[in-house]
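This report is written for a reader who is new to the structure shown below. Please look through the sequence and the model before reading on.

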Number of protein chains: 2
Amino acid sequence: MAYAEVFTALADPTRLHIFEALREQPKTVGELAAGQPVSRPAVSQHLKVLQSASLVSVEPQGNRRLYSIKRDGLEELRLYLESFWSDALTAYGAEIARRVKNKNV
Amino acid sequence: MAYAEVFTALADPTRLHIFEALREQPKTVGELAAGQPVSRPAVSQHLKVLQSASLVSVEPQGNRRLYSIKRDGLEELRLYLESFWSDALTAYGAEIARRVKNKNV
DNA sequence: CAGGTTGGTAAGCCATGACTTACAGTAAGT
DNA sequence: ACTTACTGTAAGTCATGGCTTACCAACCTG
């Protein structure tokens with residue numbers, strides 16, 4: 001159930017912004033903080049959450065730390081979504097009509 | 001940016017459980033509440049959030065209200081995920097190597 | 001029509017978590 | 001080595017939101 005962690009990670013607006021800021025290219029913490037209305041430590045904390053959700057990865061580069069998007073978390077989410085397009089769900093639309101008719105159970 | 005609302009909607013564990021409980025079949029509020037460790041009003045409030053995120057739909061049925069999964073919210077999410085598998089992202093892995101070498105901007 | 005279901009809403013409480021400032025550590029430059 | 005840049009961590013504050021109880025409305029049944 002790793003997808004649950006992905007949901008909570010991307011639920012916060014600031015964190016989602018940070019995540020999407022990494023789409024164009026990998027960035028350092030300072031660069032990310034400059035693009036956000038919050039302090040640098042806040043960004044650091046957000047990155048920690050994103051990292052534990054397998055959404056970003058770090059590449060220590062001398063003094064700095066280069067953050068970039070990691071596919072694992074997204075893949076986790078994609079698999080979860082795919083399961084919703086299964087036969088079980090497609091065949092399940094009839095259930096509504098059935099229960100509307102019989103109005104029981 | 002409707003996908004943001006989907007993230008926040010599915011971020012809460014209880015709400016995610018309720019949502020997944022609807023996967024097998026449409027259910028009433030009472031049925032959903034019976035399967036959760038929270039009160040019925042709490043479930044009602046969660047359903048309200050899920051509904052505004054286009055994740056569930058309601059079918060008033062006499063006294064009861066039959067909730068079922070709605071695809072719109074999931075589709076929103078799927079489109080968002082798809083955009084991450086674009087060329088922009090695939091071509092972007094090189095950026096890491098580039099910056100590791102040159103260690104600047 | 002009276003009583004019993006079913007479910008949405010209001011008000012209020014309380015915990016989670018997002019943010020800030022302050023501090024510590026590590027690497028680079030002079 | 002000393003100073004400067006960059007980042008992570010700690011501690012504490014405060015708002016958001018999830019939960020409960022109480023209440024109210026709609027519908028169905030006898």
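## Helix 5 in the two protein chains

Helix 5 of chain A is made of 12 residues, and its first and last C-alpha atoms lie 16 Å apart, close to the 16 Å expected at 1.5 Å a residue. This is a predicted model. The buried residues of helix 5 of chain A are Gly73(A), Leu74(A), Leu77(A), Tyr80(A) and Leu81(A). Seen down the axis of helix 5 of chain A, these residues fall within an arc of 120 degrees, so they line one face of the helix. Within chain A, the buried residues of this helix pack against helix 1, helix 2 and strand 3. In chain B, their partners are helix 1, helix 2 and helix 5.

Helix 5 of chain B covers residues 71-82. Its 12 residues should span 16 Å at 1.5 Å a residue, and the end C-alpha atoms are 16 Å apart, which agrees. Which residues of helix 5 of chain B are buried? They are Gly73(B), Leu74(B), Leu77(B), Tyr80(B) and Leu81(B). They cover an arc of only 120 degrees around the axis, which puts them on the same side of helix 5 of chain B. The buried residues of helix 5 of chain B pack against helix 1 (2-11), helix 2 (13-24) and helix 5 of chain A. They also pack against helix 1 (2-11), helix 2 and strand 3 (64-69) of chain B.

One residue of helix 5 of chain A that can be looked at singly is Glu75(A). Glu75(A) has a relative accessible area of 27% and is therefore partly exposed, since buried means under 20% and exposed over 50%. The side chain of Glu75(A) makes a polar contact of 2.7 Å with the side chain of Arg78(A). Glu75(A) and Leu55(A) are 20 residues apart in sequence, and their C-alpha atoms are 9.4 Å apart in space.

## Chain A as a whole

Chain A has seven helices and three strands. From the N terminus on, these elements run α-α-β-α-α-β-β-α-α-α. Chain A has 105 residues, of which 42% count as buried. Of the contacts in chain A with a separation of 6 or more, 52% are between residues 24 or more positions apart.

## The surface near DNA strand D

There are 23 residues around DNA strand D, and those that come nearest are Gly30(A), Ser44(A), Tyr67(A), Ser39(B) and His46(B). Of the atoms of DNA strand D within 4 Å of the protein, 60% belong to sugar or phosphate, and the rest belong to bases. A base nitrogen of the strand is 3.1 Å from an N or O atom in the side chain of Asn63(A). In chain A, the elements that give two or more residues to the surface near DNA strand D are helix 3 (29-34), helix 4 (40-52) and strand 3 (64-69). In chain B, they are helix 2 (13-24) and helix 4. The largest share, five residues, comes from helix 4 of chain A. By class, the residues of this surface divide into six nonpolar, 11 polar and six charged.

## The surface near DNA strand C

Which of the 23 residues around DNA strand C come nearest? They are Arg15(A), Ser39(A), His46(A), Ser44(B) and Tyr67(B). Sugar and phosphate account for 64% of the atoms of DNA strand C that come within 4 Å of the protein. Helix 4 of chain B gives the most to the surface near DNA strand C, with five residues. This surface has six nonpolar, 11 polar and six charged residues.

The table lists distances from phosphate oxygens of the two DNA strands to protein atoms.

| Residue | Protein atom | DNA strand | Distance |
|---|---|---|---|
| Gly30(A) | polar backbone atom | D | 2.8 Å |
| Tyr67(A) | side-chain N or O atom | D | 2.5 Å |
| His46(A) | polar side-chain atom | C | 2.2 Å |
| Val29(B) | backbone N or O atom | C | 3.3 Å |
| Tyr67(B) | polar side-chain atom | C | 2.8 Å |

The elements that give two or more residues to the surface near DNA strand C are helix 2 and helix 4 of chain A together with helix 3 (29-34), helix 4 and strand 3 of chain B.

## Arg40(B)

Arg40(B) lies in helix 4 of chain B, which covers residues 40-52. Arg40(B) counts as partly exposed because its relative accessibility is 48%. Leaving aside neighbours within four places in sequence, Arg40(B) is in contact with Val29(B) and Ala33(B). Arg40(B) and Val29(B) are 11 residues apart along the chain, and their C-alpha atoms are separated by 7.2 Å.

Note on methods
Residues are numbered from 1 along each chain as its sequence is written. Chains are lettered from A and ligands numbered from 1 in the order in which they are written. This is a predicted model: local features need pLDDT of at least 70, side-chain atom pairs count only at pLDDT 80 or more; totals for chains, interfaces and linings use all residues. Side-chain values use heavy atoms; hydrogens and water are left out. Helices (H or I, at least four residues) and strands (E, at least two) are DSSP runs, numbered from the N terminus. Buried means under 20% relative accessible area, exposed over 50%, partly exposed in between (1.4 Å probe, protein chains only). Contact means heavy atoms within 4.5 Å. A residue is near a molecule or strand if one of its heavy atoms lies within 4 Å of it. A polar contact is a pair of N or O atoms within 3.5 Å; within protein, one must be able to donate a hydrogen and the other to accept it, and residues adjacent in sequence count only if both atoms are side-chain atoms. Ala, Val, Leu, Ile, Met, Phe, Trp, Tyr, Cys and Pro count as nonpolar, Asp, Glu, Lys and Arg as charged, and the others, Gly among them, as polar. The expected span of a helix is 1.5 Å times one less than its number of residues. The arc is that of the directions from the helix axis to the C-beta atoms.
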